[in-house]
Amino acid sequence: MSGSTPAPAPALRHVLTHLLTPLLMCLGMGLAYMGAFVQPEPHHLPVAVVGEGPKALVFAQTVKNDAGDALDIRTLTDRAAAIDEVKDRRVTAAYVLSDTRPELIVATAASDTGATVAQKIFTPVAAGQGAPLKVTDVVPTSADDPTGQGLFFLLVAISIGSYASVAVLGGAGAALRMRGRALLVVAVSGAVSVIGALLAGPVFHLAHHGLAGVWGLSWLYSAGILFIGVGLHTFLKRWTTLAMMVLFVMLNFTSSGGLFRPELQNGFFGSLNAFWNGAGYIEGLRGLVYFGNDGLSRQLTTLALWLLLGLLLTGAAALTEHRRTAAAAVAVTAPTLADPGAPQRPTREEEKENEDEEEMEEVVAV
């Protein structure tokens with residue numbers, strides 16, 4: 001008597017294959033988060049020494065010799081120039097020389113952790129001169145986001161809403177033509193970005209102005225992730241979830257600069273900050289909310305390039321699906337000599353349904 005229960009060996013192999021995804025996620029998340037966040041140390045942290053004459057040069061060189069590669073030090077002649085450098089985020093901090101009241105100029109809105117590290121470096125330097133250190137914050141964070149990390153958690157919310165929607169659009173939306181899925185991407189990214197603007201504005205007051213800009217940056221960021229995911233799904237199927245986790249969680253959150261600036265991370269994650277979409281989103285928001293749109297055009301370009309990559313992937317996926325459909329139609333119309341009583345191989349549509357159901361189960365489990 002034949003039953004519908006699969007044989008033990010194939011069933012076990014099926015389970016083990018699906019367990020591979022969460023195990024790889026566990027390994028990847030551990031390597032990414034612990035590698036990026038466990039031991040933050042300054043690497044070529046840009047700082048300035050403010051003073052005139054040989055005394056300032058000797059002081060800067062002495063600090064550089066003690067710090068080694070931890071600091072990149074430049075000298076400036078006046079305090080006003082130092083404030084401009086800090087506000088333009090070209091330096092993390094500026095130390096103003098004084099025999100009686102040395103001063104450290106920082107901008108916590110650019111990086112609270114960077115300002116804290118600079119203060120830890122220069123406080124003992126001032127103590128060695130026998131003077132207390134005055135800390136001046138020229139661009140403070142808002143009272144509703146004292147650590148400046150609220151924008152990072154906004155990034156997390158927008159990212160999860162975007163890459164989780166990929167599983168739905170790739171699975172439940174697989175019956176739609178690519179054009180229909182692309183229109184849904186535009187709509188879903190619009191909805192996600194509205195949620196982001198609401199969270200940043202009236203809900204948590206991270207942004208006291210420029211909510212239209214917050215919405216625009218969020219839409220660009222979300223749409224890029226969704227188009228990339230929908231395009232990848234055609235080629236990777238159930239492995240799309242793992243790929244999206246790698247791209248937009250493991251590598252993205254860790255290199256965004258939302259918790260630690262790239263100067264406080266190792267070279268790998270620090271280098272990703274220069275072009276990854278999460279970093280473009282975070283720095284774009286900082287420029288919009290705190291720095292008078294400074295550097296916003298560069299971050300918009302970064303996000304636009306990621307969106308372009310998504311559109312190219314989606315176009316390639318549409319072409320691939322068209323070719324597969326045409327090949328399947330030819331196969332269906334071809335004459336067959338198969339025994340009508342023999343077990344029938346599942347159709348392509350049935351196989352796709354099974355794959356989509358398995359992918360949705362994996363996403364729900366994750």
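## A buried acid and its partner

At 18% relative accessibility, Glu321 counts as buried, since the cut-off for that label is under 20%. This is a predicted model, and in it the side chain of Glu321 meets that of Arg181 in a salt bridge, with 2.6 Å from N to O. Glu321 sits in helix α12 (residues 296–333) and Arg181 in helix α6, so this pair ties together parts of the chain that are 140 residues apart in sequence.

Arg181 is buried too, with a relative accessible area of 3%. Its helix, α6, covers residues 178–203. Leaving aside residues up to four places away in sequence, Arg181 touches Leu169, Gly173, Ala174, Leu176, Val230, Thr234 and Glu321.

## The chain as a whole

Stepping back, the chain has 13 helices and five strands. It runs to 366 residues, of which 45% count as buried. Take the contacts with a separation of 6 or more: residues 24 or more positions apart account for 76% of them. On the outside, the chain exposes about 18,400 Å², and carbon and sulfur atoms supply 66% of that area.

## The five-stranded sheet

The strands make an open sheet in the order β2-β1-β3-β4-β5, with mixed pairing. Which strands stand at the edges? They are β2 (71–76) and β5 (134–137); each has a single partner strand, so one side of each is left without a neighbour in the sheet. From one strand to the next, the twist averages 25°.

Now for the pairings. Strand β1 (residues 45–50) goes with β2 in the parallel sense, over six bridges, and Ala48 stands opposite Arg74 in β2. Helix α3 (residues 79–87) packs on this sheet, touching β1, β2, β3 (93–96), β4 (103–106) and β5, and its direction makes about 35° with that of β4.

## A look at β4

Strand β4 has a partner on either side in the sheet order. With β3 it runs antiparallel, joined by four bridges, and β3 and β4 form a hairpin with six residues between them. With β5 it runs parallel, again through four bridges. Ile105 shows up in both pairings: Ala94 stands opposite Ile105, and Ile105 in turn stands opposite Thr136 in β5.

Do the side chains of β4 end up buried or exposed? Glu103 and Ile105 point one way and Leu104 and Val106 the other way, and all of them are buried.

## Salt bridges across the fold

The count comes to twelve salt bridges. One of them involves that β4 acid: the side chains of Arg79 and Glu103 meet at 2.8 Å, N to O. Arg79 lies in helix α3 and Glu103 in strand β4, so the pair ties together parts 24 residues apart in sequence. The two ends differ in cover: Glu103 is buried, with a relative accessible area of 6%, whereas Arg79 counts as partly exposed at 36%.

Another salt bridge joins Glu283 to Arg89, with the closest N and O atoms 3.2 Å apart. Here the pair links distant parts of the chain, with Glu283 in helix α11 (residues 277–289) and Arg89 in the loop between α3 and β3, 194 residues apart. Glu283 is buried, with a relative accessible area of 10%, while Arg89 counts as partly exposed at 23% relative accessibility. Back at the opening pair, Arg181 counts as buried at 3% relative accessibility. As for Arg89 and Glu283, salt bridges that share partners join them with Arg261, Glu263, Arg286 and Asp294 into one network.

## A nonpolar patch on the surface

What makes up the nonpolar surface patch of about 600 Å²? Leu20, Leu24, Leu27, Leu31, Phe235, Leu236 and Trp239 do. Helices α1 (8–37) and α7 (211–236) each supply at least two of the patch residues, and α1 gives the most, with four.

Leu27 is one of the patch residues, and it is found in helix α1. At 48% relative accessibility, Leu27 counts as partly exposed. That value fits the rule for patches, because their residues need over 30% relative accessible area.

Technical notes. Residues are numbered from 1 along each chain as its sequence is written. This is a predicted model: local features need pLDDT of at least 70, side-chain atom pairs count only at pLDDT 80 or more; totals for chains, interfaces and linings use all residues. Side-chain values use heavy atoms; hydrogens and water are left out. Patches are made of residues with over 30% relative accessible area and no salt bridge: like charges are joined within 9 Å, nonpolar side chains (Val, Leu, Ile, Met, Phe, Trp, Tyr) within 5 Å. Accessible areas come from the Shrake-Rupley method with a 1.4 Å probe; for residues, only the protein chains shown count as cover. A salt bridge is a side-chain nitrogen of Lys or Arg within 4 Å of a carboxyl oxygen of Asp or Glu. Buried means under 20% relative accessible area, exposed over 50%, partly exposed in between (1.4 Å probe, protein chains only). Contact means heavy atoms within 4.5 Å. Two strands pair if DSSP finds at least two bridges between them. Axes are lines fitted to C-alpha atoms, for helices over the stretch in contact, and angles run from 0 to 180 degrees between N-to-C directions.
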